[in-house]
Amino acid sequence: MQRLPGSGTFSHGVHPDEHKEATEGLPIERMPFVSRFVLPLSQHIGAPCRPVVRPNQRVRRGQLVAEPGGFVSTALHSPVTGRVVGIGPRRHPNGQLVQAIEIEADPLDPQDMPDQSFGDPLTMPVPELIDLVQRGGMVGLGGAAFPSHVKYKLPEGRSARWLVLNGCECEPFLTCDHRVMVEHPDRVLRGIQIVGRLLGVEEAVIGVELNKPDAIEALRHAIEDAGDLVVPTRVQGVKVKYPQGAEKMLIKALFDVEVPAGKLPLDVGMVVNNVGTMAAVADWFDHGRPLVERVITVSGPGVRRPANLLVPIGTPIRAVLEYCDALGPDVQEIVMGGPMMGQPVASLDAPVLKGTSGLLVFTESRDQAMRACIKCGRCLEACAYNLNPSRLGRLARAGRIEEMERYHLMDCMECGACTWACPSRIPLVQLFRSAKGNLRKIKAAAK
Amino acid sequence: MDVILLAVAIMTGLGLFFAIVLTVSYRYLKVEEDPRVDAVEAKLPATNCGACGQAGCRAFAEKLVAGELSPSQCTVSSPDAIDEIAELLGVSAGEADKRVARVHCAGGLAEARTIAAYDGFDTCGAAAVVSAGGKACSWGCLGLGDCAAACTFDALHMNVNGLPVVDVDKCTACGDCVVACPRNLIDIEPLSADVLVQCSAPLAGDDAREVCAVACDACGRCAQDAPEGLIRMENNLPVVDFEAGPMGPRPTLRCPTGAIVWLRDGRQFPVIDVPALRRNHG
């Protein structure tokens, strides 16, 4: 095999403390079923799903409860056998009230999911495969929850040469992808074969940060044991730096190719997927298990029993945190996702979603006092997208939103590196997110 | 000596040349402009606020002189100034309803429930992108005053209850606050419309009352009590046909939560007497 041309890293970026030691050695543990589950109809990017169940209806674990509301949308399945108790507004982790299906678990049911098969995914026609991926409710499990089948449906005349698997997990604290790679490398590899065949790629490359040598080892073993593969697969270590897991940075590190601003990896012949998504795809095609559960990391200084948990989607955050003994009196802030890109949780009644990679509990209240920009330029050094966060921040605070577009506001991926680097604690990403919303509003009004 | 003379001659020649060019251009290339445009512009407030729908005061003045608009469409000028412009142009001032900004939320600190503490950059826009700012209602006022900061006429202030109060005398309906609100709670309505829905949450029944004491719970009584067709229920909220003019207090009398109100004097929130409030709270 030819060596990949990438140097194993990208320019700029930051090095936050990893904090992974609490959970990186802990095997994935199954969280017991609780009594109530909440399934927001919009857990993914795109159109919300349409419910296909009625209140009081009995549902089986893995049964379809809401169908896709469009092409950029995906299916939703019951995580539990039980009864639909209501469809109406429920809390989303971001505090908003959103339409959701609430299901009460049947305490006497053994909660098993019968195996089912759709035929060999390695010989099935591609359109049928794409349709099945959508029916399985598959979304990117890295955090953005973008419906997977949309990525797999290549536009007419386009083709992908490489399938890039993201096993970087560059967010501090999180170890869920790490554990999936260590414990289920065969499932990850199986998913890669299915998706790689679907896309018709020449080769698949798994990029893993070098702080996970056991994951690299496990994947290499799995590839060796598998022998002849339909899609040749290799594992490549990349240097530890944030945001290595951003798809453009990963492509740069592996291939030394820059995806131009405003373009997608497909424009350079690549499709990037998270390793956890691959394992979910394998479960769906080999056992007929839709996306009804996922691995999340529960960690942070406020968690007395940190864990990597296999949690049914829809489990209330309160139940997960109680299970991990994390609701002490000293809790100050709870974050869903990693500390760099995650969102604070506004309600404990909200559920774990398809895109939830972790729940972090912090006990210290950070010093929030913002000071003036001292023009040190650390945010410029931090920004992997070569933006000027300092200038953008000043424009945002002056309300000069339209001018921000000329400074490429829309290329900001909100990775949080600039905010982390800022010694004056200016909430840059927050300002940019708010400005993006305003900019969209101004443009919509101009039309 | 020759050199000096030559320099003087060249400079004089250049001067003459440009003088001729300028004279010729002034005579033959000048653009005729109605002198009234300048006169009208001088009487306009020069705020360039855009409330009239034009790009600025000069653009408005040009349209006025061309007879496409009427002077009263400038909502910022005083009635006297509008009369002066009308007199200058020899047209009638025209009729324009005074329009003002109205806030479709009454869930202040006292009424709306909070579920989380927001501790961060204090603008509504920033709070809205972080877990909805902590209020239980996903549609209500965030109370951090982006609208007041956007107002260039000093017509919008946050009261002690964390709600924006519009000074209807100063409001020019320019719409800056409408754009500033990340929750889209403000719109521009005629001052004469006296029935106002002060809630934007599309919730019904207990779901609504659970988030806010003054939420509309979609009971629909206002729609029943209003003159035929003037209030209709849409998306669990009453929609008032405010172009219909004054309606009187009748539709608001049976509202169980106070989400729809009758504005007796055109003012939306009662002015809270701060010293009185302090007395009540010790």
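In this predicted model, the sulfur of C141(B) has its closest cysteine sulfur in C105(B), at 5.5 Å, which is too far for a bond. A disulfide would require the two sulfur atoms to lie within 2.5 Å. C141(B) counts as buried, with 9% relative accessibility. A second cysteine of chain B can be read in a similar way: C199(B) takes part in no disulfide, and the nearest cysteine sulfur, in C216(B), is 5.6 Å away. C199(B) is also buried, at a relative accessible area of 9%. Over all chains, the count of disulfides is zero.

Chain A can be taken by domains. Domain 1 covers 126-287 and domain 2 covers 378-446. Their C-alpha centres are 29 Å apart. The two domains do touch: seven residues of domain 1 of chain A are in contact with five residues of domain 2 of chain A.

Domain 1 of chain A begins at residue 126, and helix 1 of chain A spans residues 126-135. Which residues of this helix are buried? They are L129(A), I130(A), L132(A), V133(A) and Q134(A). An α-helix has 3.6 residues a turn, so residues three or four places apart point the same way. The buried residues of helix 1 of chain A pack against three other helices of the chain, namely helix 2 (148-152), helix 4 (185-199) and helix 7 (275-287). After helix 1 of chain A comes G137(A), which has a positive phi near 70 degrees.

Further along chain A, V231(A) sits in the loop that runs between helix 5 (213-226) and strand 11 (233-238). Is this loop residue buried or exposed? V231(A) is buried, because its relative accessible area is 1%, and the cut-off for buried is under 20%. Apart from neighbours within four places in sequence, the contacts of V231(A) are Q193(A), G196(A), R197(A), V201(A), E203(A) and A204(A). In sequence Q193(A) is 38 residues from V231(A), yet their C-alpha atoms are 5.7 Å apart in space.

The next topic is internal space. The model has seven cavities of 30 Å³ or more. The largest cavity holds about 140 Å³ of space. Its lining consists of 18 residues, with C373(A), C379(A), S390(A), C422(A) and I426(A) nearest the centre. Two elements of chain A each give two or more residues to this lining: helix 9 (378-382) and helix 10 (389-397). Helix 10 of chain A contributes the most, with five residues. By residue type, the lining of the largest cavity has 10 nonpolar, four polar and four charged members.

Open space is described here by the second largest pocket, which has a volume of about 620 Å³. It is lined by 21 residues, and those closest to its centre are A396(A), G399(A), I401(A), N438(A) and D146(B). Both chains take part in the lining: two or more residues come from each of helix 10, helix 11 (401-406) and helix 13 (428-446) of chain A, and from each of helix 5 (124-129), helix 6 (146-150) and helix 7 (176-180) of chain B. Which element gives the largest share of this lining? Helix 13 of chain A does, with five residues. The lining of the second largest pocket divides into 12 nonpolar, five polar and four charged residues. Helix 10 of chain A therefore appears in the lining of the largest cavity and in that of the second largest pocket, by the DSSP numbering of helices from the N terminus.

Note on methods
Residues numbered from 1 in each chain as written. Chains lettered and ligands numbered in written order. Predicted model: local features only at pLDDT ≥ 70, side-chain atom pairs only at ≥ 80, totals over all residues. Heavy atoms only, no water. 1 Å grid on protein atoms, 1.4 Å probe; cavity = no way out; pocket = protein on both sides within 12 Å on 5 of 7 lines; lining within 4 Å. Points joined across faces, edges and corners; volume = space filled by probe spheres on them. Helix = DSSP H or I, 4+ residues; strand = E, 2+ residues; numbered from the N terminus. Nonpolar A, V, L, I, M, F, W, Y, C, P; charged D, E, K, R; others polar. Buried < 20%, exposed > 50% of the residue type's maximum accessible area, 1.4 Å probe, protein only. Domains from an automatic or database assignment. Contact = heavy atoms within 4.5 Å.
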